[in-house]
Amino acid sequence: MELERISLAIEPDLLRKFDLLLAESGVPNRSEAVRDLIRKRLVEEEEDPKAESAATLTLVYDHDTRELADRLVEIGHEHHASILSTLHVHLDHDLCLEVMALRGKRRDLRRLASRVLGLKGVLHGGLVVSSLDVLTEVAR
Ligand code: NI
């Protein structure tokens, strides 16, 4: 693959921290690390709502909250086409961790995530989306 050479200006302190991070994570050089950062940004920030995407939705919730479990099941069935798999872990007496693997249009996955994360009793969570089209373009 043909590469273009660029130079960039960066504060010495920031660069030292970056080099330290690279040494710890085993990335071979700065160029590779900067290419990784650019790819990650492009894959995450695709804005086309129709972009075919894969995602994980993570949530931690209190299973004792009234009607929460029922609402989660209802939403799950309404969005069954987007949900590939769900992992459920009982963290302690009250708390549950759930991780859903999703696939579909970016807009649909975001809608599902905001419905789930907005439910009363959901204490924390987040959605990580990878645009598959962009991935294919920039990461192969
Ligand atoms: Ni549980």
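Start by selecting S82, which is in contact with A101, L102, R103, L109 and L112 once its neighbours within four places in sequence are left aside. The model on screen is a predicted one. S82 sits in the loop between helix 3 and strand 2 (83-90). Is S82 buried or exposed? Its relative accessibility is 11%, so S82 counts as buried.

**The nonpolar core**

One of the contacts of S82 is L102, and L102 leads to the next stop. The largest nonpolar core has 18 residues, and L57, L59, Y61, L72, L102 and V116 touch the most other members. Select those six residues and show their side chains. Which elements each supply at least two residues of this core? They are strand 1 (52-62), helix 3 (68-78), strand 3 (95-105), helix 4 (106-117) and strand 4 (122-131). Colour these elements to see where the core draws its residues from.

Now pick L72 alone. With neighbours within four places in sequence left aside, L72 is in contact with L59, Y61, V116 and L119. Of these, L59, Y61 and V116 are also among the core residues that touch the most other members.

**Strand 1 and strand 4**

Select T58, which is in strand 1. T58 has a relative accessible area of 29% and is therefore partly exposed. Not counting residues up to four places away in sequence, T58 touches L97, E98, V99, L117, H124, G125 and G126. To see a long separation in space, draw a line from T58 to D13: their C-alpha atoms are separated by 34 Å, and the two residues are 45 residues apart along the chain.

Move on to G125, one of the residues that T58 touches. G125 is found in strand 4. With a relative accessible area of 33%, G125 is partly exposed. What does G125 contact, leaving aside its neighbours within four places in sequence? The contacts are T58, L59 and L117. Draw a second line, from G125 to L57: these residues are 68 residues apart along the chain, while their C-alpha atoms are separated by 7.3 Å.

Stay in strand 4 and select S131, which also has its place there. The relative accessibility of S131 is 0%, so S131 counts as buried. Show its surroundings: S131 is in contact with V43, E46, A51, E52, S53 and R106, leaving aside neighbours within four places in sequence.

**A backbone angle to check**

Go to the loop between strand 1 and helix 3 and select E67. E67 is not a glycine, yet it has a positive phi of about 70°. At 46% relative accessibility, E67 counts as partly exposed.

**The nickel ion**

Next, select the nickel ion. Which residues coordinate it? The coordinating atoms are NE2 of H88, ND1 of H90 and SG of C96, at 2.0 to 2.4 Å. Along the chain, the donors of the nickel ion follow the spacing H-x1-H-x5-C. Select the two histidines in turn. H88 has a relative accessibility of 33% and counts as partly exposed. H90 has a relative accessible area of 62% and is exposed.

**The largest pocket**

The last stop is the largest pocket, with a volume of about 820 Å³. Its lining has 22 residues, and the closest to its centre are I6, R30, S31, V34 and R35. Select these five residues to find the pocket on screen.

Then show the helices around the pocket. Helix 1 (12-25), helix 2 (30-44) and helix 5 (132-138) each supply at least two residues of its lining. Which element supplies the largest share? Helix 2 does, with 8 residues. Colour the lining by residue type: 12 residues are nonpolar, 2 are polar and 8 are charged.

Finish with I6, one of the residues closest to the centre of the pocket. I6 lies in the segment before helix 1. The relative accessible area of I6 is 63%, so I6 is exposed. For a last line, join I6 to R30: the two are 24 residues apart in sequence and 12 Å apart in space, C-alpha to C-alpha.

Terms used: Residues numbered from 1 in each chain as written. Predicted model: local features only at pLDDT ≥ 70, side-chain atom pairs only at ≥ 80, totals over all residues. Heavy atoms only, no water. Donors = N, O, S within 2.8 Å, 3.2 Å for Na, K, Ca; no water. Buried < 20%, exposed > 50% of the residue type's maximum accessible area, 1.4 Å probe, protein only. Core = buried A, V, L, I, M, F, W, Y, C linked by side-chain atoms within 4.5 Å. Helix = DSSP H or I, 4+ residues; strand = E, 2+ residues; numbered from the N terminus. Contact = heavy atoms within 4.5 Å. 1 Å grid on protein atoms, 1.4 Å probe; cavity = no way out; pocket = protein on both sides within 12 Å on 5 of 7 lines; lining within 4 Å. Points joined across faces, edges and corners; volume = space filled by probe spheres on them. Nonpolar A, V, L, I, M, F, W, Y, C, P; charged D, E, K, R; others polar.
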